[in-house]
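Visitor: Please take a close look at the salt bridges of this structure. Which parts of the chain do they connect, and how exposed are the residues concerned?

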Amino acid sequence: MQLRKVNDWLWEIPREGGMKVPGRVYSDGMPAPDDPALQQVANVAWLPGIVKYSLAMPDIHWGYGFPIGGVAAMDAEGGAVSPGGVGYDINCGVRVLATRLEAAEIRPRIHDVTAQLYRDIPTGVGSSHAIPRLTDAELEAVLAKGARWAVGRGYAAGSDDLERCEEGGALAGADPPAVSERARKRGADQLGTLGSGNHFLEVDSVAEVYDEEVAGAYGLLPGRVAVQIHSGSRGLGYQVCDESLAQLAPAMARYGPDYAAIPDAQLACAPISSPAGRLYLGAMQAAANFAWANRQVMTGLAVRALCHALRISERDLGARLVYDVCHNVAKLEEHLVDGRPRRLLVHRKGATRAFGPGDPRVPAAYREVGQPVLIPGDMGRYSYVLAGTARAMEETFGSSCHGAGRLLSRHQALKLARGRSIARELADRGIEVISRGRKTLGEEMSEAYKDVARVVGVMAGAGISRLVARLEPMGVIKG
Amino acid sequence: MAPGRGGDDGAVRYALPQPYREIPHTADVGVEVEGASPAEALARLVLAFAALLAGGGAVEVEREETVTADADGDLARTAVAVLRELLYRFATERLIPGACEVVRLDGRGAELRVGFGRWDPERHSEGADVKEVTWHAAGFERAGAGWLARVLFDI
């Protein structure tokens with residue numbers, strides 16, 4: 001793979017063959033030219049209607065069609081929509097809650113806190129029934145209203161949760177009837193459940209603040225307790241993506257030579273304006289709403305669990321949503337392209353929206369400093385809170401990285417974990433972890449992941465996001 | 001390994017455990033199987049999937065069902081379609097295949113008789129939480145005198 005250095009943080013894959021635009025990869029040092037993810041960046045550049053660049057964030061790795069860490073913006077009228085550019089876990093994302101609690105006071109009680117969270121929030125394979133199984137009408141409302149549905153039923157941290165959620169916690173274009181019966185069956189009893197794998201709920205300390213002004217605006221004070229929730233649309237979203245891929249892949253040639261020529265079948269796509277494209281978008285947006293409702297329900301459950309474990313009132317807990325971001329989504333957004341506003345469908349697959357200061361789409365409370373960008377790390381090290389920048393708006397359609405990415409396969413990680421007690425190793429470092437699956441801790445240990453500090457360092461170095469705070473885990477629950 | 005047993009209609013019934021290889025992949029899990037015939041390879045692929053779900057734990061067959069999947073004559077697509085159907089059963093009813101015979105495998109798709117057992121949180125605690133059966137890297141081709149089939153699962 002040919003790579004041309006643009007600057008210390010940015011490399012370009014020159015246009016060739018059927019690529020409509022160049023590829024651009026953010027990286028500390030030259031990316032490995034034989035990395036298959038780079039070929040995926042080049043393949044994405046073939047998609048009809050793609051604007052400016054096929055982008056890759058520094059946590060890029062090989063995915064299905066689109067690389068994970070990929071960003072591609074398509075002309076909203078003439079461009080393509082690709083389920084592979086969103087991913088199976090539609091609106092997998094993360095939220096951070098700030099609290100009034102001091103980490104030093106909570107640490108001696110972290111076992112009780114973590115155990116209560118584990119009891120109250122279903123995790124792992126088969127996890128269900130956090131709340132009573134949704135009726136058909138309730139599920140329809142969830143798919144339409146997203147987080148608002150959950151807030152309406154009392155699942156909240158504060159009164160302004162929805163303002164502090166990307167898109168207010170719901171995409172307006174959702175089309176609940178586009179979500180199949182099968183997808184509904186998979187999701188109906190999973191609202192309020194964490195899932196498994198790299199999903200988690202953490203009780204963190206705000207370990208370091210890099211930008212006092214921005215951290216203060218976000219409500220993140222040094223030494224305070226924060227809570228992170230990382231989860232998505234569960235079985236409902238997976239089914240929507242799966243069915244869409246099955247429908248779109250065999251039909252691409254009917255949209256003309258540009259579609260027929262796309263080099264990877266996993267880049268199954270359709271014109272945004274086509275019936276198939278609109279059907280996917282409507283279902284995807286509804287699934288995204290399910291994910292927001294999911295994280296909102298877990299927020300309510302987490303608040304109650306913390307109050308119960310610590311025997312304090314919600315007022316004393318002082319929980320407040322800092323922000324909620326999507327990592328896997330495609331959204332219609334307006335961006336300046338060559339000085340002119342254009343309506344684009346921005347695919348972010350393993351990438352986070354990072355809108356800069358002054359943007360009206362950033363909550364009023366944060367408009368002066370930029371949107372919070374939440375970047376989870378692994379359970380043994382740290383996570384980061386960044387802020388979006390004007391440079392991100394210019395270069396990446398207001399997008400940043402999303403996490404660390406795996407270094408080892410699950411098999412390799414389990415081999416490395418053999419004979420070790422990962423729970424004990426974490427406990428010795430002051431981290432209480434409870435997981436449902438016997439293999440989870442081995443599969444998810446720190447050595448299995450890249451260092452997220454390097455990933456955010458690239459974004460900061462490139463001016464795409466500003467470092468605001470580092471969170472470190474005290475208690476973790478996993479599936 | 002449980003050997004296949006012939007049925008009245010010539011279909012051979014295979015039961016857990018069946019041999020399979022894990023395909024190295026950083027984020028997800030892949031399996032690869034061999035078979036003397038396409039039917040044997042498909043049956044072993046089904047049971048490799050079952051072994052992932054069960055985490056190596058035993059599956060006690062409680063009921064028999066016919067599972068069909070339509071596909072366009074491509075064996076890899078047929079295999080993915082079959083596994084998608086079985087994943088749906090697992091996701092919604094917590095059923096895991098414990099035995100399988102391929103009754104039909106042709107240009108229209110496949111029909112299987114599957115002996116299902118119920119997922120048990122204790123016995124199957126090391127099972128994988130499979131999110132989806134992916135199309136990428138799915139393969140089903142002749143290999144020497146036999147057949148080789150592989151699939152990647154999103155975990």
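**Salt bridges in the predicted model**

Guide: Across all chains, a search of the whole structure, which is a predicted model, finds 49 salt bridges. One of them pairs Arg466(A) with Asp211(A), whose closest N and O atoms are 2.7 Å apart. This contact links distant parts of the chain, 255 residues apart: Arg466(A) belongs to strand S19 (residues 465-478), while Asp211(A) sits in the loop between strand S8 (200-209) and helix H7 (212-218). Arg466(A) has a relative accessible area of 33% and is therefore partly exposed. Asp211(A), by contrast, counts as buried because its relative accessibility is 16%, under the 20% limit.

A second salt bridge joins Arg406(A) to Glu444(A), with 3.2 Å between the closest N and O atoms. Arg406(A) lies in the loop between strand S17 (399-400) and helix H13 (410-417), and Glu444(A) in the loop between helix H15 (440-443) and helix H16 (452-461), so the pair ties together parts 38 residues apart in sequence. Both partners are buried: Arg406(A) has a relative accessibility of 7%, and Glu444(A) has one of 3%.

Within a helix, the side chains of Arg424(A) and Asp428(A) meet in a salt bridge at 3.5 Å, N to O. These two residues are 4 apart in helix H14 (residues 422-428), which means that about one helical turn separates them. Asp428(A) counts as exposed, at 58% relative accessibility.

Finally, salt bridges that share partners join Glu166(A), Glu167(A), Lys331(A), Glu333(A), Arg348(A) and Arg353(A) into one network.

Conventions: Residues numbered from 1 in each chain as written. Chains lettered and ligands numbered in written order. Predicted model: local features only at pLDDT ≥ 70, side-chain atom pairs only at ≥ 80, totals over all residues. Heavy atoms only, no water. Salt bridge = Lys/Arg side-chain N within 4 Å of Asp/Glu carboxyl O. Buried < 20%, exposed > 50% of the residue type's maximum accessible area, 1.4 Å probe, protein only.
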